[in-house]
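Student: I have a model open and would like to talk through its pockets. Could you take me through them step by step?

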Amino acid sequence: MGWIAASCEAAPFAGLVSILSKLGVRTTDPDVATAVRTVIVAIAAWCVAALGGSLSSIPDIYPMSWLFLALSGLATGGSWMRYYYAIQTGVVSTVVQIDKLSVLVSVLFAFFVLKERLAKRAAFGLVLMVIGTAVMAAFS
């Protein structure tokens with residue numbers, strides 16, 4: 001499966017996350033909700049890795065990869081904790097749009113850290129997305 005197909009398949013799941021999370025945090029502390037979600041994600045990820053036969057590759061993970069995976073996990077936790085608080089106290093349709101400014105952050109880091117180039121079309125789309133988010137946030 002190609003990366004474009006996988007990206008398209010991920011989108012509906014990501015869209016469901018905000019709605020299911022909003023329903024889950026209605027009467028639950030957002031930090032506890034994040035902890036519960038994290039346990040479920042961890043169990044599911046380990047099951048998928050085990051069923052796919054990938055667990056045998058754990059000893060092959062390089063030390064720097066461990067570091068970056070750990071930092072990624074911490075960043076995920078920070079993102080989820082703030083996201084859950086935001087959707088509990090805010091309007092999901094607004095929170096998710098502001099949250100998607102993470103695309104801008106990712107593109108900037110990809111440019112400066114990974115030295116990836118952004119096509120003019122993609123840059124134009126990114127600018128439109130940021131402008132749209134700013135306008136939406138200003139009128140919320």
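Student: How do the residues of the lining of the largest pocket divide into nonpolar, polar and charged?

Tutor: Happy to help: this is a predicted model, where local features need pLDDT of at least 70, side-chain atom pairs count only at pLDDT 80 or more, and totals for chains, interfaces and linings use all residues. Residues are numbered from 1 along each chain as its sequence is written, and side-chain values use heavy atoms, without hydrogens and water. On a 1 Å grid over the protein atoms alone, a pocket is an open set of points where a 1.4 Å probe fits, with protein on both sides within 12 Å along at least five of seven lines, and lining residues have an atom within 4 Å of a point. Counting Ala, Val, Leu, Ile, Met, Phe, Trp, Tyr, Cys and Pro as nonpolar, Asp, Glu, Lys and Arg as charged, and the others, Gly among them, as polar, the lining has eight nonpolar, four polar and three charged residues.

Student: Which helix gives the most to the lining of the largest pocket?

Tutor: Helices here are DSSP runs (H or I, at least four residues), numbered from the N terminus. H1 (3-24), H2 (30-51), H3 and H4 each supply at least two lining residues. The top contributor, with five residues, is H1.

Student: And how many charged residues are in the lining of the second largest pocket?

Tutor: Its lining has 14 residues, with Ala 42, Ala 45, Trp 46, Trp 66 and Leu 69 nearest the centre. H2 gives the most, six residues. The lining divides into 11 nonpolar and three polar residues, and the charged count is no residues.
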